[in-house]
Amino acid sequence: MAQPLAFGAFSPGASGGTITVTPAGTRSSSGSVVLLSLGYAYNPAMFYVRANPGTVLSVLATPPVTLTGSGGGTITLQTSGTLPASPFVTTLPWPQQTTLLMGGILTVGNIASNPPGTYTGTFTVTLVRE
């Protein structure tokens, strides 16, 4: 992975909601989630893919994963969308790399169930060559 998926700083508010980072790098929220501008990065995950020109690649959907907070609490992460959109055809000659960007959606509870801290976890990305 060249760049981890990051959602920046936010406050879940009274009822929680979702935070979305698109493959294009935009961030939005729903529910009572307030997006904060405290200098923390938000960006899609970035991967470099090498394949022969004309190779068709599909990104398999990943199941939701649980992120654990440094101060307690858990958040659910679901990956969402890729750029280029899946499936895609590689066009660069070997060994040049195609950049693959992947977005995600966090589902958070209220401020009591998701206290401040850093939430971390891992997810697996599977590419299928067709």
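A strand, as I use the word here, is a DSSP run of type E with at least two residues, and strands are numbered from the N terminus. With that in hand I opened the model, which is a predicted one, and read along the sequence, where the chain follows the pattern β-β-β-β-β-β-β-β-β-β-β-β-β-β.

**Entry 1, the whole chain.** I looked up the secondary structure and noted 14 strands and zero helices in the chain. I then took the extent of the C-alpha trace, which spans about 50 × 25 × 25 Å along its principal axes. Of the 130 residues of the chain, 35% count as buried, and the chain exposes about 7,000 Å², of which carbon and sulfur atoms supply 58%. I also looked at contacts with a separation of 6 or more, and found that residues 24 or more positions apart account for 70% of them.

**Entry 2, G39.** I went next to a residue outside the strands, G39, which lies in the loop between β5 (34-36) and β6 (42-43). Is G39 buried or exposed? Its relative accessibility is 76%, and exposed means over 50%, so G39 counts as exposed. I also checked G39 against A9, and wrote down that the two are 30 residues apart in sequence, while their C-alpha atoms are 8.0 Å apart in space.

**Entry 3, S58.** For a residue within a strand I chose S58, which lies in β8 (residues 56-59). The relative accessibility of S58 is 12%, and the cut-off for buried is under 20%, so S58 counts as buried. Which residues does S58 touch, not counting those up to four places away in sequence? I listed S86 and P87, then T126, L127 and V128, and finally E130.

**Entry 4, the largest pocket.** I turned to empty space, which shows up when a probe the size of a water molecule is rolled over the atoms. The largest pocket holds about 740 Å³ of space. It is lined by 29 residues, and the closest to its centre are G8, F10, G117, T118 and Y119.

Which strands each supply at least two residues of this lining? I noted β1 (6-7) and β2 (9-11), together with β10 (74-83) and β13 (119-120). The largest share of the lining, three residues, comes from β2. Last of all I sorted the lining of the largest pocket by class, and entered 21 nonpolar residues, eight polar residues and no charged residues.

Note on methods
Residues are numbered from 1 along each chain as its sequence is written. This is a predicted model: local features need pLDDT of at least 70, side-chain atom pairs count only at pLDDT 80 or more; totals for chains, interfaces and linings use all residues. Side-chain values use heavy atoms; hydrogens and water are left out. Helices (H or I, at least four residues) and strands (E, at least two) are DSSP runs, numbered from the N terminus. Buried means under 20% relative accessible area, exposed over 50%, partly exposed in between (1.4 Å probe, protein chains only). Contact means heavy atoms within 4.5 Å. On a 1 Å grid over the protein atoms alone, a cavity is a set of points where a 1.4 Å probe fits but cannot get out, and a pocket is an open set with protein on both sides within 12 Å along at least five of seven lines; lining residues have an atom within 4 Å of a point. Grid points are joined across faces, edges and corners, and a volume is the space filled by probe spheres set on the points. Ala, Val, Leu, Ile, Met, Phe, Trp, Tyr, Cys and Pro count as nonpolar, Asp, Glu, Lys and Arg as charged, and the others, Gly among them, as polar. Accessible areas come from the Shrake-Rupley method with a 1.4 Å probe; for residues, only the protein chains shown count as cover.
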